[in-house]
Each structure stands twice: as structure tokens, then as C-alpha cells.
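This report goes through a protein structure by way of its helix packing, its ligand shell and its domains. Please look at the structure before reading on.

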Amino acid sequence: MTSLKTPTPDQLCFQPPTALKELIHVDCASHVYPDGTIGIHQMCFRVFESEIVALCGPNGSGKSTLIEHLNGLLTPSEGKIVVRGRLIGSKEAADLWKDVGIVFQRSDDQLFAPTVLDDVMFGPINMGIPYANAKSAALSALKAVGASDLVHKLPNFLSGGQKRLISIAGILAMKPKIIALDEPTSDLDPLHSDIIERLILELKNKFTISVVIATHDLDFAARIADRVCLVRRGSICAEGSPADMFYNDRLINGAGLQPPTVVQLYRAMCIEKGISATERPLTIQQLVEVTSKKIVE
Ligand SMILES: Nc1ncnc2c1ncn2[C@@H]1O[C@H](COP(=O)(O)OP(=O)(O)O)[C@@H](O)[C@H]1O
Ligand SMILES: [Mg+2]
């Protein structure tokens, strides 16, 4: 387990993981929608190799707008975005959708083909991969998400959780370097949320894909993220490790959020037991470990 101790003030500043390669650099990007609404404003954001980075912010803070910039679906009105050395908007970046896959919040925005297999094969076929190879990529992706049994189903008739899995398979079949998932656990029951959570960890650990998650579910982000970026009014207002972010009330409240349940529970238990809150558990397992240790002491 990583250290849960309270950091010194200088540790609260985000130190870029210099050993890791930068895959995406969003440099002071702004986006104004046609009706004049500001989606993101002077947004600076980076994605590194082998990480799960969580964008945490309240509704309307700009998470989805940022995600849609990561593969050029939206282009910035100001600033620039570079993905693996290619500038978004330039000719060289025309096929960025191969590098960065986006799993939309509403699966219905993504699924459209007559069968699950057609849907998952669509990306590889669109990349110019021959039919037999595209089919085998689709079947492997369906297996990876644990949905091989749905291969001949009609996407329309699937449950919300199944649709989310098929959407992820459709992106995975294209073998991207980065996958961005917009509110991946929203509207799912706890069982399917858990499946998606484990799948996201597998994307990073087994497929070495960097993962960006947009979420306002801080409990989920606390369990899964390597790095957390707090999003407020279209910009990142703070970034750092989950413990540094979620145990800092000034930052969390400033972003219009509430600390994760485990953080609230830990503090309440410390008050109840009369012990000082010197550790920083983020998961239920860590909470149990630190509180039982304290009680024994
Ligand atoms: N297509 C659009 N046209 C106009 N305004 C939009 C559009 N999409 C999002 N917005 C606005 O941009 C801001 C950021 O929205 P969004 O990126 O969806 O936030 P989040 O994903 O954090 O909830 C909000 O004020 C929202 O109303
Ligand atoms: Mg959103």
C-alpha cells in the first residue's frame, strides 16, 4: 500500500511523473460553444503513460467538453492540444481517433449497428483493417470486457450495463493508446459499476492503455485514480494524488464537491474514538486497516 501519511506542504504541489512519457498536453485551451457558452476556459491538462487520471468536478464544470477535445471531436477556440506529438487541428492529426478512444456517457450515442458484433467491428473496419482481422479484433475485445455471450444480440435490447461494456469493447477493438470514459459508472447498478471499475484497472494494467475518467463520483475516483484533477468552471483548479486532493477540504470545497464517503467516515470515526486523523485512507479496505491499527494501539 502507498503511504497514507499527511503530506508536507511542498508535497501538495503536483510533481509531474518525469519518468513517464507525456501522451496528451492540453495547453491553455478554451472552447466557446456556438451559443456563446464557455465549455472550457484556459484549460491545462496532461495525460501520461500508464496512468488513470480522474477529472472530478460538478455538473457543468467542463469535463465532457475537455474529453471531446482529446481526439479532435471538438477543437479549441484558443490554446492548443498536442496528442503524442501531433497538434489537434493539423493535417497530421486527422486520424487521432485511432490513438484516443472516447466512451460517451450515453451508450446510445455510440451504439448504432444492427448487432453487437457489427458495432464492435465498426471501428477496426473504419481503420481499413480487413474483415477477418476486424472480426477477430472485435471478438477479442468482447472477450476482454466479458461480453462474448452478447455477440449476436441487438444493441437496442441490451441493459445499461451491457451497453456500457459493448461501448468499451468497440473502443478497445481499435487498440487505442488512451481511452477517455465520460461518467463510466453513471446510471449503473453496483454490480455493473464494479465490473466497469475492474475493467478500467485492466485497461491500464493488462492493455497498458492510459485512462482518463470524467466523474463526479469521488468514491469511485478515490478507489481507482493514480492522479486527480479537480475541474471548476472550465479549468483545472488543483491536481495531485487522490489523498492530496480528497483530504484537502479547501480544494474540494473550492471545486464545489464533497469529500468521498471513506474520508468523511474516517474523520467521523476518529472523532468518535477520540483518535487523531493522521492517516489518509481512500478505500474501505484501507479504512479498516488504519482504524483497526489505531484501536489496537
Ligand atoms: N453543445 C453545447 N452547446 C452549448 N453549451 C454547451 C454544450 N455542451 C455543453 N455546454 C455547456 O458547457 C459547460 C460545460 O459543460 P460540460 O462539459 O458538459 O460539463 P460536465 O461534463 O462537467 O458536466 C456547461 O455550461 C454546459 O451547459
Ligand atoms: Mg459531462
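In what kind of crossing, left-handed or right-handed, does α2 pass α3?

## Packing of α2 and α3

The crossing of α2 past α3 is right-handed. The model is a predicted one, and what follows describes that prediction. Helix α2 covers residues 116–126 and helix α3 covers residues 131–144. Their axes lie 8 Å apart and form an angle of about 125°. An angle between 115 and 145 degrees falls outside the perpendicular and antiparallel classes, and α2 and α3 are therefore oblique to each other.

On the α2 side, the contact is made by Leu117, Val120, Met121, Pro124 and Ile125. From α3 come Ala134, Lys135, Ala137, Ala138, Ala141 and Leu142. Sorted by class, the residues of this contact are ten nonpolar and one charged, with no polar residue.

## Packing of α2 and α4

Helix α2 also packs with helix α4, which runs over residues 160–172. Here the angle is about 35° and the axes are 7 Å apart.

Five residues of α2, namely Val116, Asp119, Val120, Phe122 and Gly123, meet Ile166, Ala169 and Gly170 of α4. Val120 of α2 is thus listed in the contact with α3 and in the contact with α4. The contact of α2 with α4 is made up of five nonpolar, two polar and one charged residues.

## The shell around ligand 1

Around ligand 1 stand Tyr33, Asp35, Thr37 and Gly39, together with Gly57, Asn59, Gly60, Ser61, Gly62, Lys63, Ser64 and Thr65. Helix α1, residues 63–69, gives the most to this shell, with three residues.

In terms of class, nine residues of the shell are polar, two are charged and one is nonpolar.

## Two domains and their contact

The protein is divided into domain 1, made of 20–95 and 218–258, and domain 2, made of 260–297. Between the C-alpha centres of the two domains the distance is 31 Å. Eight residues from domain 1 and seven residues from domain 2 take part in the contact.

On the domain 1 side, α6 (218–224) and α7 (242–246) each supply at least two residues. Helix α6 gives the most to this side, with four residues. The side of domain 1 that touches domain 2 has six nonpolar and two charged residues, and no polar ones.

Methods
Residues numbered from 1 in each chain as written. Chains lettered and ligands numbered in written order. Predicted model: local features only at pLDDT ≥ 70, side-chain atom pairs only at ≥ 80, totals over all residues. Domains from an automatic or database assignment. Contact = placed C-beta atoms within 7 Å. Nonpolar A, V, L, I, M, F, W, Y, C, P; charged D, E, K, R; others polar. Near = placed C-beta within 6 Å. Axes fitted to C-alpha atoms, helices over the stretch in contact; angles between N-to-C directions. Parallel < 35°, antiparallel > 145°, perpendicular 65-115°, else oblique. Left-handed = near helix turned anticlockwise from the far one by under 90°.
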